[in-house]
Amino acid sequence: MASEPRAKLWDADALAALARQFLSYVGVSLAALAVHYALLAALVETGRADPVPAALAGYLAGAVVSYGLNRRLTYASARPHAEATWRFGVVAAIGFGLTWLIMAGLTRGFGLPYLPAQLLATGVVVFWNFLGHRLWTFAGRPVPVLSEETSGVR
């Protein structure tokens with residue numbers, strides 16, 4: 001009994017496609033981060049907000065930019081907006097919580113200036129968001145194992 005060759009977990013084409021997708025995500029993230037950091041700096045530097053709420057306001061503004069561009073450019077998702085938006089919101093809410101924890105811990109707990117703290121928070125959240133959106137928010141919808149034709153069900 002010959003065993004079937006195991007499918008490779010990662011092949012060169014899959015890795016190249018993942019790298020291209022991640023680079024697209026980074027480009028979109030830079031646009032979202034520009035909005036995020038501009039709002040953060042404007043709120044802090046004008047004295048309108050403390051760094052933590054300013055970072056959270058920036059995160060929300062960047063999320064709006066991120067959703068539209070990632071849906072179209074990075075993931076080319078056909079998932080209906082009614083599904084993708086709430087999924088995006090769940091992943092973004094977790095990223096929002098991570099941003100809050102990291103910013104509060106670093107600025108209030110360790111006294112780190114807000115921009116270096118935000119850079120560290122961004123580094124963590126970028127990977128969380130990429131994986132969450134790739135694997136869940138914009139992932140292809142599951143295809144049934146048995147089609148109507150093969151199962152005899154109509």
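Trainee: What makes the 14 residues of the largest nonpolar core a core, and which of them touch the most other members?

Mentor: In this predicted model, a nonpolar core is a set of buried nonpolar residues joined through side-chain atoms within 4.5 Å. The largest such set has 14 residues, and L40, V44, V52, A54, M103 and Y114 touch the most other members.

Trainee: Which elements give two or more residues to this core?

Mentor: They are helix 1, helix 2 (51-74), helix 3 (81-109) and helix 4. A second, separate core has twelve residues, including Y59, A92, V126 and F138.

Trainee: What general tendency concerns nonpolar side chains?

Mentor: In soluble globular proteins, nonpolar side chains tend to be buried together.

Trainee: With which residues is L40 in contact, leaving aside its neighbours within four places in sequence?

Mentor: L40 is in contact with P51, A54, A55, Y114, L115 and Q118.

Trainee: Why is Q118 called buried?

Mentor: The cut-off for buried is under 20% relative accessible area. Q118 has 1% relative accessibility and therefore counts as buried. This residue lies in helix 4 and touches H36, Y37, L40, A55, T99 and M103, not counting residues up to four places away in sequence.

Trainee: How much of the chain counts as buried?

Mentor: Of the 154 residues of the chain, 34% count as buried.

Trainee: Why are helix 1 and helix 4 called oblique to each other?

Mentor: The axes of helix 1 (residues 12-45) and helix 4 (residues 114-137) cross at roughly 140° and come within 10 Å. Angles over 145 degrees count as roughly antiparallel, and 65 to 115 as roughly perpendicular. The angle of roughly 140° fits neither range, so the two helices are oblique to each other. Helix 1 passes helix 4 in a right-handed crossing.

Trainee: Which residues make this contact?

Mentor: Helix 1 contributes residues including L18, F22, Y25, L33, H36, Y37, L40 and V44. Among those from helix 4 are Y114, L115, Q118, L119, V126, F130 and R134. By class, the contact has 14 nonpolar, five polar and two charged residues.

Trainee: What are the elements of the chain as a whole, and in what order do they run?

Mentor: The secondary structure comes to five helices and zero strands, and from the N terminus on the elements run α-α-α-α-α.

Trainee: What share of the contacts between residues at least 6 apart in sequence joins residues at least 24 apart?

Mentor: The share is 70%.

Key
Residues are numbered from 1 along each chain as its sequence is written. This is a predicted model: local features need pLDDT of at least 70, side-chain atom pairs count only at pLDDT 80 or more; totals for chains, interfaces and linings use all residues. Side-chain values use heavy atoms; hydrogens and water are left out. Axes are lines fitted to C-alpha atoms, for helices over the stretch in contact, and angles run from 0 to 180 degrees between N-to-C directions. Helices (H or I, at least four residues) and strands (E, at least two) are DSSP runs, numbered from the N terminus. Angles under 35 degrees count as roughly parallel, over 145 as roughly antiparallel, 65 to 115 as roughly perpendicular and the rest as oblique. A crossing is left-handed if the near helix is turned anticlockwise from the far one by less than a right angle, and right-handed if clockwise. Contact means heavy atoms within 4.5 Å. Ala, Val, Leu, Ile, Met, Phe, Trp, Tyr, Cys and Pro count as nonpolar, Asp, Glu, Lys and Arg as charged, and the others, Gly among them, as polar. Buried means under 20% relative accessible area, exposed over 50%, partly exposed in between (1.4 Å probe, protein chains only).
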